[in-house]
Each structure stands twice: as C-alpha cells, then as structure tokens.
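Please look over the fold shown here. The report covers its sheets, a helix, its cores and its cysteines.

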Amino acid sequence: MSILLLGAITSDTLVFPKQKWKTKNSLGGLLYSINAISYLTNETIIPICNVGYDIFGNVISFLSKFKNVSLEGINQVSVPNIVCNIIYTNEYGFQYDIGKEVPIKYSQISYFINDCRFFLVSSMTGYDIELSVLKKIKQNSPHPIYFDYHILALKRDQIGNRYLYRRKNWFAWCSNCDFLQLNSFEAKLLNGFEIKTKIDMVNFSKPLLEAGVKVISITQGCYGVISCYKKNKNIEVLKLNAIS
C-alpha cells in the first residue's frame, strides 16, 4: 500500500530585503511534504507531479536519496519549471511567478489508485491540479483525501504577480476531501472575518461537515491549531496549543 502526494515541485527564489537583500535559491513546493512524510512512515510514498525539463534531473537526484519514495509518478514535461519568486517584505511575502505549469491529469493518478490507501493533495501553485481532477479522485477512490487549500488563496495576473482572491468555487475545492487544512489567513479570506472562538469555528465548519468533510483544521501559527469534526451527530471543536 502507498501514500500518494499530489502537487507541484517548484523552483523557489527567496529574497530577504531586511537581510541586505540576501537571496536563496532552492527546490520547493511538494518537496517539503515528501521530505517530512518520508521520515514519519515506512510506507511507500509516491509523488505525482509534472516537473520541467530544466530541473528534472535535480529533482530525481534529490528524491533518489529517500528509500521509501517511489519515482514512478514524476513526469518530465517539455517546458521549463515554474519559478516562484518570494520577497519577504512581511510575514507572508510578496510573490510573483515565472512560467506556466502543466496540470496533473487524472490518468497520471488512476494507475496508482488501487494500491493507494491515502491521498495528500496540496495546492502548491493553484494551477498544478484542477478541481475536476480532485472531484474525480473523490468520486472514484474509497481512500481518504487530505487537502491543503494553501496557495488557492492567491490568484495570478498575466505577468505573474500574486494577489489575494476569494474563489467563487472555493466551497467545491474545500468539500471534495475528507480532511481539510487551512491556515488562519486563508480561513479569514474564505470566512470573511478571523476565526477566533469555537463558535466562529463551528459556523465556518458546519456547511463543510454537512457536505461530507470529516475534519477541518485551521493552523494558527504560535497559537496552535483548531479543528472541527462531527461526533455522534454533534459538532466538536478541539483546540491544540503550539509546542513551545
């Protein structure tokens, strides 16, 4: 049995104006999830993503070091990989992207579904996987889907600049999974105001729980995480403090 990880591996250029404009180049995106999960389980991890020809060799070389990571789902495409430039003028930074992604097709996923027991889907660029594909996974697989809303909170203009955007179909994205993760910033964008109390959390989560989502979790940085789920037809809220 395997764990499937869906999303984009990115080329990241990080700029730190407060540190004399120090610049750091690295591979990012889905690689962070692969790296973390590979140390948490001995099960086979299969990343499914489309990687530009210009970084494909580096990605394969990096992932070959992990004994429980399969390279079968990594597909080389004939265009350069997406480059995410993030300038940390504040906590979240200003981002602009260079290049375009090749979205993951359902046919790339269906081959692995029978031997899979869990999906982790993380929107690393907002264009790496389409809603229709997420819906198809939900419809055709009995296995749980953990979905990180992530960069769907930002849209991209024609020259690559990112800006805040509350998608009209955000509920469809968030309800086609079993476990939903957002940070407080993303949840505020969708909810219209910051989620501070348990009542706020219930009001935000109730429609999603009724749509079939099992657990909604909102990460709150140094304040920990707040989660909402159903138990015996009642909606429960669990608040966990961050580890200091």
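What follows goes from the sheets to the cores and then to single residues.

**The nine-stranded sheet**

This is a predicted model. One open sheet has nine strands, in the order β5-β4-β1-β8-β9-β12-β13-β14-β15. Its pairing is mixed. The edges are β5 (74-77) and β15 (234-240), and each of them pairs on one side only. On average, neighbouring strands here are turned by 15° against each other, direction ignored. Strands of a sheet pair through backbone hydrogen bonds, either parallel or antiparallel.

Both senses occur among the pairs described next. β8 (residues 116-122) and β9 (residues 145-148) pair in the parallel sense, over four bridges. Within this pair, Leu 120 has Tyr 146 of β9 as its bridge partner. Helix α4 (residues 131-140) lies across β1 (2-6), β8 and β9. It runs at about 160° to β9.

Further along, β12 pairs with β13 (residues 215-219), again in the parallel sense, over five bridges. Leu 180 stands opposite Ile 216 in β13. β13 is also joined by five bridges to β14 (residues 225-231), and these two run antiparallel. Here Ile 218 has Ile 226 in β14 as its bridge partner. β13 and β14 form a hairpin, with five residues between them. Gly 221, in the turn, has a positive phi of about 60°.

**The four-stranded sheet and helix α1**

A further open sheet has four strands in the order β3-β2-β6-β7, with mixed pairing. β3 and β7 (94-98) each have a single partner strand, so one side of each is left without a neighbour in the sheet. Neighbouring strands of this sheet are turned by 20° against each other on average, direction ignored. β6 (residues 83-87) and β7 run antiparallel and are joined by five bridges. Ile 86 stands opposite Gln 95 in β7.

Helix α1 packs on this sheet, touching β2 and β3. Its direction makes about 65° with that of β3. Which residues of helix α1 (residues 30-40) are buried? They are Leu 30, Leu 31, Ser 33, Ile 34, Ile 37 and Ser 38. These residues cover an arc of only 155° around the axis, so they fall on the same side of α1. Tyr 32, Tyr 39 and Leu 40 are exposed on the other side. The buried residues of α1 pack against β1, β2 (9-16), β3 (22-29), β4 (44-52), α2 (56-63) and β8. That list includes β1, β4 and β8, which are also strands of the nine-stranded sheet.

**The nonpolar cores**

The largest nonpolar core has 42 residues. Those with the most contacts inside it are Leu 6, Ile 109, Phe 119 and Tyr 149. A second, separate core has 21 residues, including Ile 3, Leu 5, Cys 49 and Ile 55.

Leaving aside neighbours within four places in sequence, Tyr 149 contacts nine listed residues, among them Trp 170, Trp 173 and Cys 174. Ser 123, Arg 167, Gln 181 and Glu 186 are also among its contacts.

**A buried serine**

Ser 122 is found in strand β8. Is Ser 122 buried or exposed? Its relative accessible area is 2%, under the 20% limit, so Ser 122 counts as buried. Not counting residues up to four places away in sequence, Ser 122 touches Leu 6, Gly 7, Asp 128 and Asp 148.

**The cysteines**

How many disulfides does a search of the whole structure find? The search finds zero. Two cysteines are listed below with the nearest cysteine sulfur.

| Cysteine | Nearest cysteine sulfur | Distance |
|---|---|---|
| Cys 174 | Cys 177 | 6.9 Å |
| Cys 228 | Cys 177 | 14 Å |

A disulfide needs sulfur atoms within 2.5 Å. Cys 174 counts as buried, at 0% relative accessibility. Cys 228 is buried, with a relative accessible area of 0%.

Cys 177 sits in the loop between α5 (170-175) and β12 (179-183). Cys 177 is buried too, with a relative accessible area of 0%. Leaving aside neighbours within four places in sequence, its contacts are Lys 138, Ile 145, Phe 147, Gly 212 and Val 213. Cys 177 and Phe 119 are 58 residues apart along the chain, and their C-alpha atoms are separated by 9.4 Å.

Methods. Residues numbered from 1 in each chain as written. Predicted model: local features only at pLDDT ≥ 70, side-chain atom pairs only at ≥ 80, totals over all residues. Heavy atoms only, no water. Core = buried A, V, L, I, M, F, W, Y, C linked by side-chain atoms within 4.5 Å. Buried < 20%, exposed > 50% of the residue type's maximum accessible area, 1.4 Å probe, protein only. Contact = heavy atoms within 4.5 Å. Pairing = 2+ DSSP bridges. Axes fitted to C-alpha atoms, helices over the stretch in contact; angles between N-to-C directions. Arc of directions from axis to C-beta.
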